[in-house]
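Visitor: I'd like to go through this one label by label and hear what backs each of them up. Can we start?

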Amino acid sequence: MKILMVCLGNICRSPLAEGIMQDLSDKNNLGWEIDSAGTGNWHVGQGPDRRSTRVAHERGVPIGHQVCRQFRQSDFEEFDHIYVMDRNNLADVLAMAPNKQATDKVKLLLGSKEVPDPYYDDTQFAPVFDLIEDGCKKIVKELRDN
Ligand code: 4NP
């Protein structure tokens with residue numbers, strides 16, 4: 001199973017989602033491969049935002065090795081599931097989907113809720129970690145049971 005996590009910058013939210021989901025997969029011996037990407041290109045080649053790296057480190061999920069990249073159309077073929085953080089990401093990714101099979105792979109990580117962008121608020125990184133962790137745990141249950 002290959003899963004892609006997508007946000008706007010690929011430096012705050014989706015690196016956390018990648019790290020958390022990879023950790024859950026590893027701990028449960030699921031053998032899943034997780035990656036992340038941003039719809040925007042401003043931070044391509046950079047590591048995650050230090051605030052995300054710090055909260056992830058505190059929770060035992062290392063993400064410092066990750067390198068930012070932009071979402072690309074070939075991701076629709078490479079990945080089985082594409083989880084986006086908010087409705088802007090959803091619209092941006094769906095606008096690139098070539099067909100229904102691709103469209104069907106794309107979902108909000110939290111189902112019907114959004115993961116808010118913490119970029120402009122240092123206090124939001126810990127709650128965002130918790131939201132993403134809850135979402136990832138639900139997805140693990142969902143995908144394992146199917
Ligand atoms: P992310 O947060 O989408 O969770 O990575 C952001 C990071 C950078 C920017 C916006 C959101 N930015 O505008 O540079």
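Guide: Sure. Leaving aside residues up to four places away in sequence, Ser14 touches Met5, Val6, Cys7, Ser36, Ala37 and Met85. Keep in mind that this is a predicted model.

Visitor: What makes those residues contacts of Ser14?

Guide: The cut-off is heavy atoms within 4.5 Å, and Met5, Val6, Cys7, Ser36, Ala37 and Met85 are the ones that touch Ser14 once sequence neighbours up to four places away are dropped. Ser14 itself has its place in helix α1.

Visitor: Why is Ser14 called buried?

Guide: Buried means under 20% relative accessible area. Ser14 has 0%, so the label holds.

Visitor: On to the ligand. Which residues are around it?

Guide: They are Cys7, Leu8, Gly9, Asn10, Ile11, Cys12, Arg13, His43, Asp117 and Tyr119.

Visitor: What makes the approach of His43 to the ligand a polar contact?

Guide: The limit for a pair of N or O atoms is 3.5 Å. A polar side-chain atom of His43 is 2.8 Å from a ligand oxygen, so that pair qualifies. Gly9 does it through the backbone, with a polar atom 2.8 Å from an oxygen of the ligand. Asp117 uses a polar side-chain atom, 3.2 Å from a ligand oxygen. As for cover, the ligand taken alone exposes 360 Å², and the protein buries 91% of that.

Visitor: Asp117 also turns up with Arg13. Why is that pair called a salt bridge?

Guide: The rule asks for a side-chain nitrogen of Lys or Arg within 4 Å of a carboxyl oxygen of Asp or Glu. For Asp117 and Arg13 the closest N and O atoms are given as 4.0 Å apart, and the pair is counted as a salt bridge. It links distant parts of the chain: Asp117 sits in the loop between β4 and α6, Arg13 in helix α1, 104 residues apart.

Visitor: Are the two partners buried or exposed?

Guide: Arg13 has 2% relative accessibility, so it counts as buried. Asp117 is at 38%, so it is partly exposed, that class lying between 20% and 50%.

Visitor: How many salt bridges does the rule give?

Guide: The count is eleven. One of them joins Asp130 and Arg59, with the closest N and O atoms 2.8 Å apart. Asp130 is in helix α6 and Arg59 in the loop between α2 and α3, so the pair ties together parts 71 residues apart in sequence. Asp130, at 33%, is partly exposed, and so is Arg59, at 34%.

Visitor: What about Arg69 and Asp75, buried or exposed?

Guide: Arg69 has a relative accessible area of 12%, so it is buried, and Asp75 is at 0%, so it is buried too. Their side chains meet in a salt bridge, 3.0 Å from N to O. Salt bridges with shared partners join Asp35, Arg69, Arg72 and Asp75 into one network.

Visitor: Last stop, helix α4. Which of its residues are buried?

Guide: In α4, residues 87-94, those are Asn89, Leu90 and Val93.

Visitor: How do you know that they are on the same side of α4?

Guide: They cover an arc of only 105° around the axis, which puts them on the same side. The buried residues of α4 pack against β1, α1, α3, β3 and β4. At the start of α4, a side-chain oxygen of Asp86 comes within 3.0 Å of the backbone nitrogen of Asn88.

Methods. Residues are numbered from 1 along each chain as its sequence is written. This is a predicted model: local features need pLDDT of at least 70, side-chain atom pairs count only at pLDDT 80 or more; totals for chains, interfaces and linings use all residues. Side-chain values use heavy atoms; hydrogens and water are left out. Buried means under 20% relative accessible area, exposed over 50%, partly exposed in between (1.4 Å probe, protein chains only). Helices (H or I, at least four residues) and strands (E, at least two) are DSSP runs, numbered from the N terminus. The arc is that of the directions from the helix axis to the C-beta atoms. A polar contact is a pair of N or O atoms within 3.5 Å; within protein, one must be able to donate a hydrogen and the other to accept it, and residues adjacent in sequence count only if both atoms are side-chain atoms. A residue is near a molecule or strand if one of its heavy atoms lies within 4 Å of it. Accessible areas come from the Shrake-Rupley method with a 1.4 Å probe; for residues, only the protein chains shown count as cover.
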